[in-house]
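Let's take a walk through a protein model together, with charged side chains as our guides. Please have the viewer open and follow along.

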Amino acid sequence: MWTTLLRVQFVWLMVTLTLILVLLPFPALGDVTIRSQTNLYEIGGGTAEELIEEMAQKGPLDVSGSTRHWARTNWRISWQYRYVYRDQTCVMTTVWTELDLEFIYPLWTRKAGASARLKSSWGAMMRELEAHEQGHADMAIDMVEDIDRTLEAMESDISCERLNADARRFGQDKLAELRQQDIDYDRETRHGATTIPPLRD
């Protein structure tokens with residue numbers, strides 16, 4: 001009887017383990033890490049005109065290094081992966097992708113002594129400015145997730161050298177696509193001017 005019970009328990013255990021192995025998902029290939037930081041540059045104007053002038057003088061430079069803007073979002077996307085050749089196909093086994101975001105905004109240091117109207121105007125401007133920069137960030141987040149998903153699924157029935165070359169080319173093409181998206185977004189919104197309200201005293 002005990003032998004029979006042990007045999008039944010053993011069979012039940014094996015079935016249970018088999019079900020667990022079938023039902024539990026395999027470890028995810030992709031591992032997306034997103035980090036964000038905000039840096040501020042100080043301005044001390046007391047009027048709307050002075051604030052605009054200081055932001056034009058101290059704001060972050062664009063990619064070309066020739067034009068300053070009131071705010072900016074910088075991004076850096078990187079990835080690593082491992083692959084293995086099995087069953088006559090080279091497949092990805094592990095993929096890590098990372099996105100580093102940097103937001104740069106003005107910090108108004110003389111806000112306490114300003115008029116109520118200018119404070120209100122500044123608050124409205126900053127909300128729309130942050131919303132515009134978040135648009136840049138959202139595009140970068142969408143892109144890093146797209147890169148991660150595609151790299152996970154990549155394989156080659158030719159060689160691992162081909163898979164590596166295809167992955168590198170794909171990643172670089174995606175970075176170029178994101179840079180163009182940033183350019184198009186700023187052109188369409190005139191760097192946020194279509195939604196950012198003017199500063200008023």
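What follows moves from salt bridges to a charged surface patch and ends with backbone angles. Keep in mind that this is a predicted model.

Let's begin with the charge pairs. The structure contains 8 salt bridges, and a few of them make good stops on the tour. Start at helix H2, which spans residues 48-58. Here the side chains of Lys58 and Glu54 form a salt bridge, with 3.0 Å from N to O. Both residues belong to H2 and sit 4 residues apart, about one turn of the helix. An α-helix has 3.6 residues a turn, so residues three or four places apart point the same way. How exposed or buried are the two partners? Lys58 is partly exposed, at 41% relative accessibility. Glu54, in contrast, is buried, because its relative accessible area of 16% falls under the 20% cut-off.

Stay with H2 a little longer, and look at its buried residues. Glu54 is joined in this group by Ala48, Leu51 and Met55, which are buried in H2 as well. Where do they lie around the axis of H2? They cover an arc of only 130°, so they are on the same side of the helix.

H2 also contributes to a patch of charge on the surface. Glu49, Glu50, Glu53 and Asp201 form a negative surface patch. Of these residues, Glu53 can be found in helix H2. Glu53 is partly exposed, with a relative accessible area of 44%. Because patches are built from residues with over 30% relative accessible area, the 44% of Glu53 meets that requirement.

Now turn to a salt bridge that links two helices. The side chains of Asp146 and Lys174 meet at 2.9 Å, N to O. Asp146 lies in helix H3 (residues 116-153) and Lys174 in helix H4 (residues 160-189), so this pair ties together parts that are 28 residues apart in sequence. Is Lys174 buried or exposed? Lys174 is buried, because its relative accessible area is 14%, under the 20% cut-off.

Helix H4 has a salt bridge within its own length too. Arg187 and Asp184 pair through their side chains at 2.8 Å, N to O. Both lie in H4, 3 residues apart, which is about one turn of the helix. Arg187 is exposed, with a relative accessible area of 53%, whereas Asp184 is partly exposed at 22% relative accessibility. Salt bridges can also link up by sharing partners: Arg35, Arg76, Glu98 and Asp100 are joined into one network in this way.

For the last part of the tour, look at the backbone. Most residues other than glycine have a negative phi. Which residues have a positive phi although they are not glycine? One is Gln88, with a phi of about 65°. Gln88 is found in the loop between strand S2 (72-86) and strand S3 (89-108). Gln88 is also exposed, with a relative accessible area of 64%. Another is Arg190, which has a positive phi of about 50°. Arg190 is in the segment after H4, and with a relative accessible area of 55% Arg190 is exposed.

Definitions and conventions:
Residues numbered from 1 in each chain as written. Predicted model: local features only at pLDDT ≥ 70, side-chain atom pairs only at ≥ 80, totals over all residues. Heavy atoms only, no water. Salt bridge = Lys/Arg side-chain N within 4 Å of Asp/Glu carboxyl O. Buried < 20%, exposed > 50% of the residue type's maximum accessible area, 1.4 Å probe, protein only. Patch = residues over 30% accessible without salt bridge, like charges linked within 9 Å, V, L, I, M, F, W, Y side chains within 5 Å. Areas by Shrake-Rupley, 256 points an atom, 1.4 Å probe, with all protein chains shown as cover. Lys, Arg positive; Asp, Glu negative; His and termini not counted. Charge placed at Lys NZ, Arg CZ, Asp CG, Glu CD. Arc of directions from axis to C-beta.
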